[in-house]
Amino acid sequence: MKRRLVLLGAPGSGKGTQAELITRQFGIPVTSPGAILRREQDLGTPLGQQTAEIIQRGELVSDDVIVKLIEEWLRLHGSYGFVFDGFPRTLPQAESLNSILQRLRTALDLAIWLEVSEKTVHDRIGGRLQCRNCGFTTSVSSAKFAERPICPYCEGPLVRRSDDDETVLSNRLQEFHTKTEPLAKFYEKMSILHRIDGNRDRDVVFKDISRLIEQKSDA
Ligand code: ADP
């Protein structure tokens, strides 16, 4: 089984949703720098305060800050593998991850690229609701949540993420095109890139991902 994965794709491509399904089905621990930083912001920590404005502008947080977060996370939780949702997002981050893993005498198994159309991105982000407490994500098109925006898991309030606003989203997409898209070539060269059509229903996408994870590992 493959246990060291990165999930790549535009905002709204379904990285968070798929990461959640992977961890539930295969027990591989997941982390997301975006989720960590939102939590830091809610707690009012120096890191949260320092990065809040950058996130709100739809720009990327500096590579140093993000790589430190991931390195620390790997040190504490990395022994059973990992799914990174939204990391790496730049070439320097991808190179740092390779060096960190090399130091740990291991390597990445899969880079999964969730491909989505601009329409899918706008539809999903425009209707996205997220639990302020636990991060559960759903859509306003789900009637029960539109009427009663309460998290089914922890009863926290379901709200729109402030960076899901249309203007901020266009900056996030710009960052994605210029800084993250070049990673496709990077992982292609390492022969671990797998492109998956992320426009489809979440369970169908998950079936494709499961197949990749279940493939026998050489290691
Ligand atoms: P999405 O994938 O929907 O854009 P995330 O929760 O992954 O949402 O990220 C939210 C924000 O957190 C990003 O717009 C960016 O400002 C910051 N962020 C998350 N991951 C990274 C990363 N790897 N490098 C730099 N900034 C990041």
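Let's start with strand 3, residues 82-85. Phe82 and Phe84 point one way from this strand, Val83 and Asp85 point the other way, and all of them are buried. Please keep in mind as we go that this is a predicted model.

So who are the neighbours of strand 3? On one side we have strand 1, residues 4-9, joined to strand 3 by 4 bridges, with the two running parallel. Here Val6 stands opposite Phe84. Strand 3 also has strand 2, residues 30-31, as a partner, through 2 bridges and again in the parallel sense. If you want to find that pairing on your screen, look for Val30 opposite Val83, and for Thr31 opposite Phe84. Phe84, then, is a handy landmark: it faces Val6 and it faces Thr31.

Now let's move on to strand 4, residues 110-115. Is this strand enclosed or not enclosed by the rest of the structure? Well, 5 of its 6 residues are buried, so strand 4 is largely enclosed. Strand 4 pairs with strand 1 in the parallel sense, over 5 bridges, and one pair to look for there is Val6 with Ala111. Another 5 bridges join strand 4 to strand 8, residues 193-197, and those two run parallel as well. For that pairing, the bridge partner of Ile112 is His194 in strand 8.

Put these pieces together and you get the whole sheet. What is the order of its strands? The sheet is open, has 5 strands, and reads 2-3-1-4-8, with parallel pairing. Strand 2 and strand 8 are the edge strands, each pairing on one side only. As a reminder for everyone, strands of a sheet pair through backbone hydrogen bonds, either parallel or antiparallel.

And there is an antiparallel example here too. An open sheet of 3 strands has the order 6-5-7, and its pairing is antiparallel. Strand 6, residues 137-139, and strand 7, residues 158-159, sit at the edges with a single partner strand each, so one side of each has no neighbour in the sheet. Between strand 5 and strand 7 there are 2 bridges, and in one of the pairs Gln130 has Val159 as its partner.

That brings me to helix 6, residues 118-126. Which residues of helix 6 are buried? They are Thr120, Val121 and Ile125. These residues cover an arc of only 115° around the axis, which puts them on the same side of helix 6. A general point helps here: an α-helix has 3.6 residues a turn, so residues three or four places apart point the same way. And what do the buried residues of helix 6 pack against? Their partners are strand 5, residues 128-131, and helix 8, residues 166-180.

Let's look at that helix pair. The axes of helix 6 and helix 8 come within 12 Å and cross at roughly 140°. That makes helix 6 oblique to helix 8, and the crossing is right-handed. From helix 6, the contact is made by Glu118, Val121, His122 and Ile125; from helix 8, by Glu166, Leu169, Arg172, Leu173 and His177. Notice that Val121 and Ile125 are in this contact as well as among the buried residues of helix 6.

For a second helix pair, turn to helix 4, residues 63-77, and helix 5, residues 91-103. Their axes come within 10 Å and cross at roughly 30°. That makes helix 4 roughly parallel to helix 5, and this crossing is right-handed too. On the helix 4 side you'll find Asp63, Ile66, Val67, Glu71 and Leu74, and these meet Pro92, Gln93, Ser96, Leu97, Ile100, Leu101 and Arg103 in helix 5.

One last residue, and then I'll stop: Lys179, back in helix 8. Is Lys179 buried or partly exposed? Its relative accessibility is 37%, so Lys179 counts as partly exposed. Leaving aside neighbours within four places in sequence, Lys179 is in contact with Leu60, Arg89, Thr90 and Leu91. Arg89 is worth a look on your screens: Lys179 and Arg89 are 90 residues apart in sequence, and their C-alpha atoms are 6.7 Å apart in space. Thanks, everyone!

Technical notes:
Residues numbered from 1 in each chain as written. Predicted model: local features only at pLDDT ≥ 70, side-chain atom pairs only at ≥ 80, totals over all residues. Heavy atoms only, no water. Buried < 20%, exposed > 50% of the residue type's maximum accessible area, 1.4 Å probe, protein only. Arc of directions from axis to C-beta. Contact = heavy atoms within 4.5 Å. Pairing = 2+ DSSP bridges. Axes fitted to C-alpha atoms, helices over the stretch in contact; angles between N-to-C directions. Parallel < 35°, antiparallel > 145°, perpendicular 65-115°, else oblique. Left-handed = near helix turned anticlockwise from the far one by under 90°.
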